[in-house]
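This report looks at the empty spaces in one protein model, at one helix contact and at the cysteines. The pockets come first, then the enclosed space, then the remaining topics.

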Amino acid sequence: MLGKDEDLNDNKPQRWKNMILLALGQKKMFKKPIPALLHFAVYAGFIIINIEILEIFLDGVLGKHRLFAPMIGGLYDILIGFFEILAVLVFLACAIFLVRRNILKVRRLNQAELNGWPRNDANIILITEIILMSLFLTMNSVDQVLQSHHVEHYTGTNPFWISSHLMSLFAGMSDNTLVGIERGCWWLHIIGVFAFLNYLPYSKHFHILLAFPNAYYARLEPQGELENMPEIQQEVLYMMQPELAPAATGEQPPHRFGAKDVQDLSWKNLLDAYSCTECGRCTASCPANITGKKLSPRKIMMDTRDRMEEIGKQLDKNKERQDDGKSLLHDYISVEELRACTSCQACVESCPVSINPLDIIIQLRRNLVMEESNSPQEWNLMFGNIENNMAPWKFSPDDRDAWTIEN
């Protein structure tokens, strides 16, 4: 809501296609097949196992046990078996992700912008997923032991595909102990799920929800086509045709050239920031970052989100926006970072959920040049040459074909 309006409702069939392929199908993820398969296991587990969460929840509300088992008969055992396979895959994938982040220390997952809370956030979620899957499998294993003991309230089913092989772990325990373990796993599992849902909006894992609208509202223009500034086009028109220029009033124009703070960006730029998964694929593919420069497209998105959060807390406290003497430009994102960008589009191309860090970089850089006259001498020379010679080089237009003349 802090962002400027932007109309992104054209070509709805293509937008639905983008959402299905990029958000649901995770098409771009598969440029790196191994991480993609691991992530897909976690993603599929998160989505599909929620069907079982529904049963666990309804069992608690209605005082039932395995509510759906009598309703769907033999299909129930197949579904639980499938859920258990997914649970094992989620367990293994999260364990591998923890190793990649904390032991192997993959470069894109261990850069400066992830120090502190971002790294802890990722680890918290991975560990939580491992615990939840362990609770789910333990609950089912103990449940099957109790079924074999014909304990009242435990609905009989066929052996489950995974948990039935873990029943030996609980052999020799009394029924009361087994019931305590099963009930304890049930409570910890459902509390963990609800705690995760409350935690989600405060975490980078909010992308689980926002990836879908973000992919839908991705810009459909050819990649690399920059958006023109109507204000500048208008000024050029007035220079060419002065008679069209409005009478001077002495008032400052209401607009700002480029962007200095988050309210100068569009709502889509801000949605991009909240959809960021912090996976670092953009930074890993950025030639500026690879060659040791300060720019990290991931940090651009994280800084934008952090600035929004700061303004949001201010609005919650004061009920209105007040100037805090800070801005996204300079206080969060430095001139050095912006100048390092080559506008090559590598970050845009590599993002799995159609985030566009370059658009924010371009808008901040426009503000630097057009409002602060803050550009290096090399750029100023190029600007002057374009203005005077209609080309970046210091040659007269009349001499432009001189290179064809043979000495």
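In this predicted model, α17 makes the largest contribution to the lining of the largest pocket, namely 5 residues. That pocket holds about 1,100 Å³ of space, and among the 42 residues that line it, Glu6, Arg219, Glu221, Asn356 and Asp359 are the closest to its centre. Two or more lining residues are given by each of α1, α9 (230-240), α10 (267-275) and α17 (357-371). By class, the lining of the largest pocket comprises 14 nonpolar, 12 polar and 16 charged residues.

The second largest pocket, with a volume of about 900 Å³, draws at least two lining residues from each of α9, α17 and α18 (377-389), and α18 gives the most, with 6 residues. Nearest the centre of this second largest pocket lie Ile232, Arg366, Val369, Met370 and Phe383, which belong to a lining of 19 residues. The classes in that lining are 12 nonpolar, 3 polar and 4 charged residues.

Turning to enclosed space, a search of the whole structure finds 3 cavities of 30 Å³ or more, and the largest cavity has a volume of about 700 Å³. Its lining counts 32 residues, with His39, Lys204, His205, His207 and Thr277 nearest the centre. At least two lining residues come from each of α1 (12-24), α2 (33-48), α5 (74-102), α6 (117-148) and α8 (207-216), and α2 provides the largest share, 5 residues. The lining of the largest cavity divides into 20 nonpolar, 5 polar and 7 charged residues.

The three spaces are set out below.

| Space | Volume | Lining |
|---|---|---|
| Largest pocket | about 1,100 Å³ | 42 residues |
| Second largest pocket | about 900 Å³ | 19 residues |
| Largest cavity | about 700 Å³ | 32 residues |

Helix α2 also meets helix α3 (residues 50-62): their axes come within 4 Å and cross at roughly 30 degrees. On the α2 side the contact is made by Gly45, Phe46, Ile47 and Ile48, and on the α3 side by Asn50, Ile51 and Glu52. This contact of α2 with α3 has 4 nonpolar, 2 polar and 1 charged residues.

The cysteines remain. The disulfide count is 0. Cysteine 94 cannot be paired because its sulfur is 16 Å from the closest cysteine sulfur, that of cysteine 279, which is too far for a bond. Cysteine 185 is likewise in no disulfide, the nearest cysteine sulfur being that of cysteine 94, 18 Å away. Cysteine 94 counts as buried because its relative accessibility is 0%, and cysteine 185, at 7% relative accessibility, counts as buried too.

Definitions and conventions
Residues are numbered from 1 along each chain as its sequence is written. This is a predicted model: local features need pLDDT of at least 70, side-chain atom pairs count only at pLDDT 80 or more; totals for chains, interfaces and linings use all residues. Side-chain values use heavy atoms; hydrogens and water are left out. On a 1 Å grid over the protein atoms alone, a cavity is a set of points where a 1.4 Å probe fits but cannot get out, and a pocket is an open set with protein on both sides within 12 Å along at least five of seven lines; lining residues have an atom within 4 Å of a point. Grid points are joined across faces, edges and corners, and a volume is the space filled by probe spheres set on the points. Ala, Val, Leu, Ile, Met, Phe, Trp, Tyr, Cys and Pro count as nonpolar, Asp, Glu, Lys and Arg as charged, and the others, Gly among them, as polar. Axes are lines fitted to C-alpha atoms, for helices over the stretch in contact, and angles run from 0 to 180 degrees between N-to-C directions. Contact means heavy atoms within 4.5 Å. A disulfide is a pair of cysteine sulfur atoms within 2.5 Å. Buried means under 20% relative accessible area, exposed over 50%, partly exposed in between (1.4 Å probe, protein chains only).
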